[in-house]
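This report examines charged side chains and strand arrangement in one protein chain. The sequence and the three-dimensional structure are shown below.

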Amino acid sequence: MNLHLLLFFTLFAVDSVFGQVSYSIPEEMAKGSLVGNIAQDLGLEIKRLIAGKAKIYKRNNDEYIELNRERGVLLVKERIDREVLCTETELCALHFQIILENPMEFYSVTVQITDVNDNAPAFEKNEKTFKISESAIVGAKFVLERAVDLDVGINGLQRYELKPTDNFALKLHNNADGNKNVEMVLQKPLDREKQEQISLVLTAVDGGEPQMSGTMLIVITVLDANDNAPVFTQQTYKATVTENSPKGTVVATVTASDADQGSNSKITYSITNTLDNVRKLFEVNGENGHVTLLGNIDFEKSRHFQINLLASDEGGLTDSCKLIVDVQDVNDNKPEINIMSKSTVISEDAKPNTVVTMINIEDADSGENGKVQCYVNENIPFILKTSTNDFYSLVTDSDLDRERASEYNITVTCSDEGVPSLSSSVTLTLQISDVNDNAPVFERSSYEAYIVENNTPGLSVFTVKARDADWNQNARVSYILEDSSVNGVPVSSYVSVSADSGVIHAVRSFDYEQIKDFQFCVKAQDGGSPPLSSNVTVKMVIQDQNDNPPQVLYPVQTGGSVVAEMVPRAADVGYLVTKVVAVDVDSGQNAWLSYKLQKATDRALFEVGLQNGEIRTIRQVSDKDAVKQRLTVIVEDNGQPSRSATVIVNVAVADSFPEVLSEFTDFTHDKEYNDNLTFYLVLALAVVSFLFITCLVVIISVKIYRWRQSRVMYHSNLPVIPYYPPRYSDTMATGTLPHVYNYEVCRTTDSRRSDCKFGIAGSQNVLIMDPSSTGTMQRIQSEKSILDEPDSPLEVRLL
């Protein structure tokens, strides 16, 4: 078998890379035969075919050609019979595309199938019978059955031979469609008496190498005279039929006439087509010539038919004509959408005009019915671009954002222009893969957390939460405590943050009185590469707990001095005795203080203001009221539970200081004695030895001191005049009254009965006595040794 290879190679570019290449091979090639080196002809490397997963795409399922990617060649996959593949066309070709991926490319390939003389001419019947009257005139024509050769071109039917040629000659008529009508022409009158039956052999010969032929036996029975043959009114009839017309539809009517009379004029109509599907689709009524449909006509399979009709009378005379039936197209085929190659996943950072899918569109209809327009659904970032006729590329039209849409259902709809229009659609699902393009975002712009002081270290305080719009690892958020300091101390010593959950824990126990609030930053960082992050400020507010009792500022509770507030006996009702002043270092309601009188020498005489702590008289003071009044005031805060402090306020009800001093000295000594009795008993044994020695020294000192005093008084005749420095005050006093009192003291052997001479009176009636002195007043030594005077007046400070 000779192999003739014709190569036509064309390359062109549209949006992607496209090309076209053509080959020509003979039919009946063995499996595995070489069609062509497609890699070389397309200018592609073998590794490109392998890496691009090159494959053959064909619209139908018949695969006669296969691609060997490793060799880069096209091979015959199945036996190719041109006569089976192309039944009605002389030109026969296989059309397919070669698709490559990454990037997407496709090339159109056409393989022309040339004919091989593998079919001999054949007649439908091996024998044909004619009844011819002996009266048939010379030149009478008799239509013979045509032979059919499935081969084409030089291999097809070329000529006919008729033997013997004593009475008949063969005549051929060329039709416009390229076929030949075969007629047998009477050249010599018949004589039934000489030869009643004549046998002829019709041979059909093709032009192939080797030459092939087929034969048919013609048997002629010579009848008695019938000298007029039927004649059709037209040699060629034309009719139109719409595809999908129902069975029984009358396509056309043919008419023939015969000049004879009687039985010789009775005409019978028949179809003479052979070796095609005409007889399966059409039939003719033998009596009236109506041509009707027998089967379904499909425009997409056959667009026109030629029906050969024969009119015969009973004398054997015939005439022939042809009926040309054109099939009108009906829009009965939806566009077919074929996915040539597609991507199921695309990155969200894909650039515009990235090819996603390549589509082939085919509509079997013709004209307007076969014109197809395709479009995709709206509001998606994809469009269809026409690559070549019937080929579309689905490309990205704008930037993609997975966080806005992680998946697209792209519906491609194709509609033809027929009436009514037919359409078909296909839905493509495209996943958008994630790119780390979103930083974590906190739920709030800032946070404020609260924790009660004296908390347990490690306590969970608050949770910060950030969300990342990305996916998977890119959306995995970790929380980090940013380095900073609070009052010079690293913030990590105050709080910690859980990296996974964002839970903020207290590292230490907080004291509201030391720190009331502080701020720190938490960073949320995703797991992308590179990672993205954002910060948020958290303000930690320490809430107060009632852990501090009230502190009394006034009156001051001293260990040694006795503070007394003076109330004159002439004081009216509501007289302000003093005011208890207290503070609480807590805050809020924990620092709201209330004052209550817990104990009192006479509860009917004094009251304490609940809110202001003012001690006032609630009745008129009488002479019967004791000079010494002891009040116990409790100060409570409003916390839960409540805390309190107690202060003792000594009040002197008297009009003169001597009376006050007399009463409070006893009180002081008694109190001192009672409070320290136990302490002195314990120390008595320890100091007894020391006291013995001290007594000896004191006795000797006193003797010397009295001797010196007697000597001074003996030699001096001047009166003793006391000296008072201006606003002289006791430096050892611990009282709280702001003013100073100077007074004279006339001492007796009992200091509690001494008289006091007052100087300047203060605005506050408070008397402070120092119980540490041996008498009721402190002894002051003047610059001129006033102690040398035996009865010197002393100056005492009153606050």
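Which side chain of opposite charge is nearest to the buried residue Asp584, and at what distance? The answer comes from a predicted model. In this model the nearest such side chain is that of Arg643, 7.6 Å away, and Asp584 has no salt bridge although it is buried. A salt bridge requires a side-chain nitrogen of Lys or Arg within 4 Å of a carboxyl oxygen of Asp or Glu, so a distance of 7.6 Å does not qualify.

**Surroundings of Asp584**

Asp584 belongs to the loop that lies between strand E47 (581–583) and strand E48 (593–600). Its side chain reaches a backbone atom, the nitrogen of Asp586, at 2.9 Å. When neighbours within four places in sequence are left aside, the residues in contact with Asp584 are Asn546, Asn548, Pro549, Pro550, Asn590, Ala591, Leu593 and Asp637.

**Salt bridges**

Side chains of opposite charge can pair when their charged atoms come close. The count of salt bridges in this model comes to 18. Three of them are set out in the table, each with the distance between its closest N and O atoms or from N to O.

| Salt bridge | N and O distance |
|---|---|
| Glu368 and Lys371 | 3.1 Å |
| Arg402 and Asp434 | 3.0 Å |
| Glu636 and Lys596 | 3.6 Å |

The accessibility of the partners can be given pair by pair. In the salt bridge between Glu368 and Lys371, Glu368 counts as partly exposed because its relative accessibility is 42%. Lys371 is likewise partly exposed, with a relative accessible area of 42%.

Arg402 and Asp434 form a salt bridge with their closest N and O atoms 3.0 Å apart. Arg402 lies in the loop between strand E30 (391–396) and strand E31 (407–416), and Asp434 in the loop between strand E32 (423–433) and strand E33 (441–442), so this pair ties together parts that are 32 residues apart in sequence. Arg402 is buried, with a relative accessible area of 11%, and Asp434 is buried at 16%.

Glu636 and Lys596 meet through their side chains at 3.6 Å, N to O. This pair links distant parts of the chain, 40 residues apart, with Glu636 in strand E51 (residues 628–637) and Lys596 in strand E48. Glu636 is partly exposed at 23% relative accessibility, and Lys596 is partly exposed at 41%.

Salt bridges also link Glu28, Arg79 and Asp81 in a network.

**Strand E34 and its partner**

Which residues of strand E34 (residues 446–452) point to the buried face? They are Tyr447, Ala449 and Ile451, whereas Ser446, Glu448, Tyr450 and Val452 point to the other face and are not buried; the side chains thus alternate along the strand. Strand E34 runs parallel to strand E43 (residues 533–543), and 7 bridges join the two. Within E43, Thr537 is the bridge partner of Ser446.

**The protein as a whole**

The secondary structure comprises 5 helices and 55 strands. The protein has 799 residues, of which 43% count as buried. Among contacts between residues at least 6 apart in sequence, 67% join residues at least 24 apart. The accessible surface comes to about 43,100 Å², and 50% of this surface belongs to carbon and sulfur atoms.

Terms used:
Residues numbered from 1 in each chain as written. Predicted model: local features only at pLDDT ≥ 70, side-chain atom pairs only at ≥ 80, totals over all residues. Heavy atoms only, no water. Helix = DSSP H or I, 4+ residues; strand = E, 2+ residues; numbered from the N terminus. Buried < 20%, exposed > 50% of the residue type's maximum accessible area, 1.4 Å probe, protein only. Lys, Arg positive; Asp, Glu negative; His and termini not counted. Polar contact = N/O pair within 3.5 Å; in protein donor to acceptor, adjacent residues only side chain to side chain. Contact = heavy atoms within 4.5 Å. Pairing = 2+ DSSP bridges. Areas by Shrake-Rupley, 256 points an atom, 1.4 Å probe, with all protein chains shown as cover.
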